[in-house]
Amino acid sequence: MDTVKIALLGFGTVGRGVHKVLESQRQKIAKSCGANIEIKKILVRNVQKYRSTFSNISNLFTDDPHQILEDPETAIVVEVMGGIKPAFDYVIEAMKNGKSVVTANKDMIAECGRALFETQRKFTVDLFFEASVAGAIPIVKVLKESLAGDEIREIIGIVNGTTNYILSKMSFHSVDYQDALKEAQQNGYAEADPTSDVEGYDAARKLAILSSIAFNSRIVFKDVYVEGISKITPIDIRYAHEFGGVIKLLAIAKRNEEGIELRVHPTIIPSSHPLAAVNDVFNAIFVEANAAGELMFYGKGAGQLPTASAVVGNIVEAINNLLHKDRGRIGCTCYKQEPLISIEEIVTKYYIRLLVDDKPGVLASVAGAFGRNSVSIESVIQKRRLGELAEVVIITHRAKEKDLQNTVSLLKTLPIVRQIGNVIRVEGDF
Ligand code: NAP
Ligand code: HSE
């Protein structure tokens, strides 16, 4: 039986998971793809730390990338170190040296996809990145291959495990934001810098990757409108529940005649919505395609073994292609560039929480600000008194974002409006 030598760049949460899965499934993988897999080297920064912690494989660790990238025996490089620099340079060099690459790095794919895929094509190697989106869920393969004959109209997903974990803990276990974030970090879900998770950048990168494939257009991180969950308060979560909804960080990509809208933001959805039941570290992606219709994919979106599962699946595919001399078969599918629709042009419903003076005529003034900007109100509820002030929650009918922003600007100028507590977009009917 052949032995295929691979190397890992990184041995953190995901790298260790890949090692565990390869060890535990050694026989099954060897039998199914006809080759043994040998990890030849593992790149880390602090070699001593790893050698003393993982003494049984201490000889594998190196801090010299050239021992991997220029090693003619290494056929597949598995990049699980994260970040753009130096990961991008290493991946490019690996491909130039004829190695296939498997990566879990959404930052790199979402920001440098074009250069990576040009190199992949030029050197006829594989570049697989299933683990970069939604952990264990095999959504990249589904969009690239299974739905290749469909026209995708819409993707709506919960694609960040950390924020879904935080929102679930805040909603159902009254855990506060900081404690829930700490738990997500301890469980290995959060990025090295969790700002990327909580501010929505991680989800935006994943949406850029998914929509590039789904809409055959190169979409990068900066094309996606992003708002994170850091402004979501327990009171918004409670009011959403009272309205029959839940707050989720949604990644939304929709295509219509004018172009593609791309956005990541907290969203109130009805409790009956299929995505409302997706809790903790789970992710789910809803896809609407012209022939297949509505599809939903569900699974663990982060964590050691779920992510390693996606990485190892890609390693096995890369080995199969190598052994069958069929590398480079699946490459970039961005053959056009559809126009993008700016956030000001999107149409949705809104939840607005306000603190206003509690006196006659106030609601009429507030309603006037909405009316003057063509935003129609669906319901107004006075929630509670806070001294001389009243907290009011307004739900609008569907309105253009630009009109809603003008309404908020006008409300801020009214002396009776003391504070705009929060504005949250709403999807679906309650
Ligand atoms: P991690 O726990 O922080 O591990 C990173 C590893 O890479 C460490 O072993 C680190 O070694 C090594 N490393 C980082 N920079 C390096 C450099 N310049 N040179 C050599 N080694 C370097 O990260 P992780 O959670 O495993 O994530 C890895 C990748 O997978 C990221 O792209 C992440 O976005 C992605 N991902 C993670 C998850 C998840 O649930 N964690 C899920 C899906 C995708 P030292 O300790 O010596 O610095
Ligand atoms: N930090 C990411 C998350 C890891 O929480 O979803 C998976 O990409």
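**Ligand shells, pocket and cavities**

Biologist: Which helix gives the largest share of the lining of the largest cavity?

Modeller: That is α7, which contributes four residues, the largest share of the lining of that cavity. Please keep in mind throughout that this is a predicted model.

Biologist: OK, and which residues line the largest cavity?

Modeller: The lining is made up of L127, F128, F129, E130, V140, K141, K144, E145, N314, E317 and I330. Two or more of the lining residues come from each of β6 (127-128), α7 (139-146) and α13 (304-323).

Biologist: How do those residues split by class?

Modeller: Five of the lining residues of the largest cavity are nonpolar, five are charged and one is polar.

Biologist: And how much space lies in there, and how many cavities of 30 Å³ or more does the structure hold?

Modeller: The largest cavity holds about 130 Å³ of space, and there are four cavities of 30 Å³ or more in the structure.

Biologist: Let's switch to the ligands. Where does ligand 1 sit?

Modeller: Ligand 1 sits in the largest pocket, and the space taken by ligand 2 is the largest pocket as well.

Biologist: How much space lies in that pocket, and which of its lining residues are closest to the centre?

Modeller: The largest pocket has about 1,200 Å³ of space, and of the 49 residues that line it, those closest to its centre are V80, M81, G82, E191 and A192.

Biologist: Which helices supply at least two residues of the pocket lining?

Modeller: The helices that each supply at least two residues are α1, α3, α6 (106-122), α8, α10 (195-198) and α11, and α11 gives the most to this lining, with three residues. By class, the pocket lining has 18 nonpolar, 18 polar and 13 charged residues.

Biologist: Now ligand 1 itself: how many residues surround it, and which are the closest?

Modeller: Ligand 1 is surrounded by 24 residues, and the closest are F11, R45, Y50, E191 and G303. Of the helices, α1 (13-24) and α3 (47-53) each provide at least two residues of this shell, and by class the shell divides into eleven nonpolar, nine polar and four charged residues.

Biologist: What lies 2.8 Å from an oxygen atom of ligand 1?

Modeller: A backbone N or O atom of F11 lies 2.8 Å from an oxygen atom of ligand 1, and a polar side-chain atom of R45 also lies 2.8 Å from an oxygen atom of the ligand. In addition, a polar backbone atom of T13 is 3.0 Å from an oxygen atom of ligand 1. Taken alone, ligand 1 exposes 900 Å², of which the protein buries 85%.

Biologist: And ligand 2, which residues are around it?

Modeller: The residues around ligand 2 are K106, N160, G161, T162, Y189, A190, E191, D197, D202, K206, G301 and A302. In that list E191 appears, a residue that is also among the closest to ligand 1 and among those closest to the centre of the largest pocket.

Biologist: How does the ligand 2 shell split by class, and which helices supply at least two residues of it?

Modeller: The shell around ligand 2 has five charged, four polar and three nonpolar residues, with α8 (161-172) and α11 (201-215) each supplying at least two residues.

Biologist: Which ligand atom does K106 lie 2.6 Å from?

Modeller: A polar side-chain atom of K106 lies 2.6 Å from an oxygen atom of ligand 2. An oxygen atom of ligand 2 is also 2.7 Å from a polar backbone atom of G161, while a nitrogen atom of ligand 2 lies 2.7 Å from a backbone N or O atom of Y189. Taken alone, ligand 2 exposes 250 Å², and the protein buries 93% of that.

Biologist: Last topic, the backbone. Which two residues does a cis peptide bond join?

Modeller: The cis peptide bond joins K85 and P86, with omega at about 5°, and P86 is placed in the loop between β4 (74-79) and α5 (87-96).

Biologist: Which residue has a positive phi although it is not a glycine?

Modeller: That residue is T124, whose phi is about 50°, and T124 is found in the loop between α6 and β6.

Technical notes
Residues are numbered from 1 along each chain as its sequence is written. Chains are lettered from A and ligands numbered from 1 in the order in which they are written. This is a predicted model: local features need pLDDT of at least 70, side-chain atom pairs count only at pLDDT 80 or more; totals for chains, interfaces and linings use all residues. Side-chain values use heavy atoms; hydrogens and water are left out. A residue is near a molecule or strand if one of its heavy atoms lies within 4 Å of it. A polar contact is a pair of N or O atoms within 3.5 Å; within protein, one must be able to donate a hydrogen and the other to accept it, and residues adjacent in sequence count only if both atoms are side-chain atoms. Accessible areas come from the Shrake-Rupley method with a 1.4 Å probe; for residues, only the protein chains shown count as cover. On a 1 Å grid over the protein atoms alone, a cavity is a set of points where a 1.4 Å probe fits but cannot get out, and a pocket is an open set with protein on both sides within 12 Å along at least five of seven lines; lining residues have an atom within 4 Å of a point. A molecule sits in a cavity or pocket if more than half of its atoms lie within 2 Å of its grid points. Ala, Val, Leu, Ile, Met, Phe, Trp, Tyr, Cys and Pro count as nonpolar, Asp, Glu, Lys and Arg as charged, and the others, Gly among them, as polar. Grid points are joined across faces, edges and corners, and a volume is the space filled by probe spheres set on the points.
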